[in-house]
Amino acid sequence: MPPQGSELLHGTLELLVLRLLEDEPLNGYGLGRRIEDLTDDALKVDEGSLYPALYRMERRGFVQSSWGTTENNRRAKFYRITRSGRRRLHSQRAEWAGFQTAVQKILESP
Amino acid sequence: MSPLRTFGLWLRALFDSSEVEGEIEDEIQLHLDLRTRDYRKRGYSEEEARDLARRRFGDKALVKQQCRRLLMVERTIGGHPLMSTLIRELRQGLRSLAKTPGPTGVILVTLALGIGANTAIFSVVEGVLLRPLPYSDPDRLVSLWENDRLRGTTQEGFSLPDYSDVREGNEVFDSMAAFTLLNTTWTSEDDEPRRMTAARISASLTEVLGVSPAIGRSFRAEEDAVGGPPVVILGPEFFRTRFGASAEALGTRILLDGVSREIVGVMPEGFDFPSPESALYLPLQMSGDANRGSHGFSVVARMKEGVRLEEVNAQLQALASGLEAAYPDDNMGRGMWGETLYQSTVGDTRDRLLLLFGAVGFVLLVACVNVAGILSSRALSRARELAIQSALGANRFTLIRQQLVESLALSFAGGVLALAVSTAARRALLALAPEDLPRASNVETNGTVLGFTLALSVVAAVVFGILPALAGSRVNLRASLGSAIGVSSGRLRRALLVGEIALAVVLVFGAGLLIRSFVRLLHVDPGFSAANVVAVGLDLPASRYPQRFPEWPRWNQVRAFQTELLRRLSEAPGVDSAAIAINTPLDAGWTSRFTIEGRPEVAPGQEDEVRVRTVSPGYFRTVGLPILRGRELSDDDERPDAPAVILVNEAFVQRYFKDEEPLGARVTQWDLTREIVGVVKNEKFQGLAEEVPPAIYPTFSQAPFPEFFLLVRSRERPARVVAMIRETVGPLDRELALGDVATLDERVSESVAEPRFTMTIFAFFAALALGLAAVGIYGLMSQAVGQRTRELGVRISLGARPKDVLSLVLGDGARLSALGIAIGVGLAVALARTFESFLFGVEKLDPLTLASVVVVAAAAGLLATYLPARRASRIDPIRTLRQE
C-alpha cells in the first residue's frame with residue numbers, strides 16, 4: 001500500500017503549486033512528486049484535483065503551459081508561473097501567514 | 001493571443017473537440033505512466049503498479065471532463081462561462097440544423113439572396129454616395145452656377161468675366177477655379193489619331209481641390225494667360241496606358257490638335273475631375289474680358305474655414321445684382337448660386353440609388369419573414385424537446401437564447417454565401433448602370449461593405465429569429481406532450497404569411513409603376529427615325545483649318561472639307577443619305593438669343609433664346625424628320641451668294657407664330673438675319689421625357705462650325721458603315737480621329753439608361769420578393785396542413801369530399817392572402833409619393849397598376865396555397881387515424 005499522508009488543506013494547493021513553479025517550470029506529475037518529496041510524503045496531493053486546479057489557474061492567468069519533453073524524452077505539458085501568478089503567490093503567502101498566526105493563537109491560548 | 005488565433009481556436013473547439021481531448025488525455029496518461037514507474041521501482045509488479053496508479057488518480061473520466069470544460073472556456077473568450085454555454089448551444093444548434101438539410105438549405109439560399117442583394121446595392125451606395133470626394137477637406141468645395149430669370153433657366157455655366165468678378169469681389173472663398181471640357185485629337189507617330197476629352201483648367205484648380213500632381217507640377221499662374229506656353233498635364237489613365245507610367249514622359253512633347261505641347265505634370269492615380277473621361281488637362285489661357293454673354297465655364301470654389309453654404313449663396317446673390325446693374329446688356333436677370341461639389345457630382349443619382357436601397361431592404365424583410373416561418377415550423381416540431389428542456393429547469397431566457405444563437409449561426413453562414421452572391425450581383429449592376437454613373441470606379445467590396453454585411457447578418461438574425469424564439473419559448477409542457485398545437489404558433493404563422501404578401505405587394509406596385517413609365521417613355525415619338533443611322537463626331541483643328549472669327553462665316557477650309565466629305569459619302573455604295581449637324585438628335589446642344597423682324601423692340605439682354613441646330617441640307621432626310629410646310633434646305637442654299645435661310649420647328653411656330661404666317665418671316669441670330677423657308681416636325685432635344693423647345697435650323701455654309709457630327713443613313717451593318725466612313729475620311733485628312741461613334745438607336749437607348757437601370761433593378765427585386773413570398777406561403781401553408789392532418793382526416797372520414805377539403809384550405813389561404821394584399825396596397829399607397837419623381841406619364845396611384853398588382857399577388861398566393869391544399873385533399877383518413 002502507498003504511504004498515507006494528510007490531505008491538503010482546501011485552498012493551499014494553489015499556494016504550493018505557485019511556490020514550486022517559482023523555482024522552475026514543472027509538469028503535473030513533477031509538481032505532485034515535488035510536494036511529496038519535500039514533505040517526505042507527509043502531504044499527499046489529490047491527483048484528481050491537481051489537473052483541474054492547474055487548468056483553472058491557467059485560465060485565471062497565474063500559470064502558462066507549453067509542451068516540452070521530460071528527461072526521458074516523453075512529451076509533457078510544462079507549467080510556468082506568470083507575473084500575475086507571482087503577485088498571487090505573494091498575497092496568498094501573506095494570507096497563509098495570517099491564517100497560521102491565527103490558528104497558533106487559538107492553540108496556545110491558556 | 002491575437003484575436004485571429006483566438007478565433008481560430010474557438011472555431012476549432014467548436015467543431016472539433018478531439019484536439020482538446022487529445023491534449024488532456026496525453027497529459028493524464030503521462031502522469032499515470034510516471035506514477036506506475038514509481039511503483040515499479042518500489043517493487044510492485046507491472047500490473048499492480050498500473051492498478052495502484054489508476055486508483056490513486058481517482059475518476060479519470062471526471063477529471064478529464066472538468067479539464068475539458070476549463071480548457072475550452074480558457075481557449076475561447078477570456079473564459080466567460082456564458083461563452084462556453086453559448087458554444088455548446090451553438091454546436092447543438094448546428095447539429096440539429098444539419099439534421100434537416102432541406103429547410104436549412106432553403107434558409108441559407110434565402111438569406112444569401114437577401115443579404116447578397118443588399119450588400120451589392122450597398123457597395124454601390126458606399127462607393128458613389130457615402131465615400132468622401134478624394135480631395136482635401138471636400139466639404140468645403142462648392143460648384144457655382146448661374147441662372148437666368150428672364151429665360152427661366154436654372155443651371156448655366158459661368159461666363160469668364162463673371163467668374164473673374166466673383167473671384168475678385170467675394171469674401172467667402174479661399175480660392176476659385178474655372179474649367180471647361182473640350183474634344184481634342186491626339187496624333188502620335190505609331191498610332192491612329194485619337195479623339196479624347198480634355199479639360200481646360202485655370203491654374204488655380206489644383207489648389208482649390210487640394211491635389212498636387214503625382215509627377216511634375218501644376219500649371220503656373222503666368223502660364224495661364226492668353227498666349228501662354230503650350231503645356232499639358234496628363235491624367236493618370238492616359239499616362240498609364242499611353243506612356244507606360246514612365247516618368248520619362250515628363251518634359252517630352254505630344255501633338256494635340258496639331259499643337260506640340262510640353263508635358264509638365266501627371267495627375268495622381270484616381271484623379272478624375274471633372275469627369276472620368278477627362279484624359280488630359282490644358283491651361284485655360286483665356287482673359288477675363290472675354291464675352292460676358294457666353295456661359296461655357298464651370299466653376300468650383302473652396303469656402304473659407306467656417307463659412308456655410310447659405311453665406312456663399314447670400315454673397316453670390318449680392319455680387320450677381322451688382323453685375324446686373326453694371327452690365328445690363330449681358331447680365332439682366334442673371335443670378336448666381338452654389339451647391340456642394342458632392343451634390344453636383346452625385347446629382348439625382350442619389351435619389352435613384354436610395355430608392356433601390358429601400359427596395360432591396362424590403363427584399364431582405366421578405367427573406368427574413370420567410371426564414372422566420374421555416375424556423376417557427378422547426379420550433380414547433382421541436383416543441384417536445386423544448387418542453388422537456390423547460391420542464392428540466394431551462395428558463396425562458398435560456399430557450400430564447402438557444403434559438404437566437406442558432407439564428408446567428410444561420411445568418412452568418414448566409415452572410416458568407418451572400419458575399420459570393422453580391423460579387424456577381426455587383427458586376428451585373430455595374431453592367432446595367434448608365435455609362436455616366438458618377439464615381440462608378442469606386443464601387444468595390446471593402447471593409448465598410450464587409451462591415452455592413454456583418455451588421456446586416458446580425459440584424460437579420462434578430463429579425464427572423466426573435467419571433468420563432470419567443471413562440472418556441474412559450475411552448476406549454478402539457479400541451480405539447482399531449483401533442484396539441486399551440487394557438488400562438490398558428491397566429492404567428494398567419495401573421496408571417498400576411499406580412500410577407502404585404503411587403504411583396506409594395507415592391508411589385510413600385511415595379512409596376514416604373515415599368516409602366518418606362519414603357520410610356522419608349523413609346524414617346526422622338527420625332528426623328530433612329531433606325532439605320534450611324535453618327536460619328538469629327539473635330540477640325542484650327543491649326544489646319546483656320547477659324548479666324550473676323551472672317552466668319554467665310555471659313556473656306558472648314559467648309560471645303562465638309563462639302564467634299566459629304567459629296568464622297570453620298571456617292572459611296574450603300575449610303576442612302578448623309579449629313580452633318582452640330583449635334584445629333586437627343587443631344588440638346590446650345591441656345592442663342594434671337595429676334596424676329598417687325599416685332600416690338602426688346603431691351604438688349606432680354607431677348608428670348610432658341611435652340612440652334614446647324615445642319616447640312618441632307619439632315620432632315622437622313623434622320624427622317626418630315627418637312628411640314630415650305631421647303632427643305634437645298635444645295636443652292638449652300639452657295640456663298642445665296643440668301644440666308646433657316647428652317648424652324650413646330651414648337652417655334654407655336655410659340656412665336658400662333659396666328660401668323662411663319663414662312664417668309666425673318667429671324668436675326670448671331671447678327672445674321674435669315675428668312676424662314678420651312679417648318680419641320682418637332683424632334684426631341686433633351687431626352688424623350690422633355691418637352692420639345694423652339695428650335696431653328698441654319699445651314700453650315702451660313703454658320704460654319706469646326707466641331708460636328710457626321711450622320712449616315714445606310715442599311716449596311718453599323719460596323720461596315722463606320723469602316724466606310726473611316727475609309728472616306730482618311731484620304732481627306734490622315735490626322736483626323738473619329739469620336740463618339742454610335743448608332744442613333746444606341747443614343748436613344750443611352751438617353752433612357754437611367755430610368756431603365758432603376759426599372760430593371762427594381763423589377764428584379766420585386767420579382768425576387770414575390771418569389772420568396774410565394775415560397776414562404778407554400779411553406780407556411782404546408783406546415784398548417786401538416787398540423788391539421790388529423791382534423792382533416794376526421795373530416796374526410798366523416799364524409800367530406802376532397803373538393804371540400806381543397807376549398808377549405810384554399811379558402812384559408814385566400815383569406816390570409818387577401819388581408820396581406822389589402823395591407824400591402826395600403827402601404828403602397830402610403831409610400832407612393834416616393835416614386836413620384838421617377839415616373840413619366842403615369843400617376844403615382846395609377847389604378848391599372850394597382851389592379852394588376854392585386855391580380856399578380858393574388859395569383860401568386862393562390863398558386864402557393866394550391867399545392868398544399870391539394871395534398872390536404874388527398875389525405876388518407878385511415879392511415880392518419882391509425883398513426884394516433
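In which sense do S2(A) and strand S5 of chain A pair, and over how many bridges? In this predicted model, where local features need pLDDT of at least 70 and side-chain atom pairs count only at pLDDT 80 or more, while totals for chains, interfaces and linings use all residues, the two strands pair in the antiparallel sense, over 2 bridges. Residues are numbered from 1 along each chain as its sequence is written, with chains lettered from A and ligands numbered from 1 in the order in which they are written.

Chain A comes first. Chain A has 4 helices and 5 strands, taken as DSSP runs numbered from the N terminus (H or I, at least four residues, for helices; E, at least two, for strands). Along the sequence these follow the pattern β-α-β-α-β-α-β-β-α. The C-alpha atoms of chain A fit a box of roughly 55 × 40 × 20 Å along the principal axes. Of the 110 residues in chain A, 25% are buried, meaning that 20 or more other C-beta atoms, placed from the backbone, lie within 10 Å of the residue's own.

Back to the sheet: 3 strands of chain A make an open, antiparallel one in the order S2-S5-S4, where pairing requires at least two DSSP bridges between strands. Strands S2 (26-27) and S4 (63-69) of chain A sit at the edges with a single partner strand each, so one side of each has no neighbour in the sheet. Helix H1 (residues 12-23) of chain A packs on this sheet and touches S2, S4 and S5 of chain A, contact here being C-beta atoms, placed from the backbone, within 7 Å. The direction of H1 in chain A makes about 100 degrees with that of S5(A); axes are lines fitted to C-alpha atoms, for helices over the stretch in contact, and angles between N-to-C directions run from 0 to 180 degrees. Within the sheet, Leu26(A) stands opposite Tyr79(A) in S5(A).

As for the interface, 20 residues of chain B contact 15 residues of chain A. On the chain B side, helices H2 (18-41), H3 (46-57) and H4 (60-74) of chain B are the elements giving two or more residues.

Elsewhere in chain B, the axes of helices H6 (residues 101-130) and H13 (residues 349-381) come within 9 Å and cross at roughly 165 degrees. H6(B) is therefore roughly antiparallel to H13(B), the class for angles over 145 degrees.

Key: Contact = placed C-beta atoms within 7 Å. Parallel < 35°, antiparallel > 145°, perpendicular 65-115°, else oblique. Buried ≥ 20, exposed ≤ 12 C-beta atoms within 10 Å, placed from the backbone.
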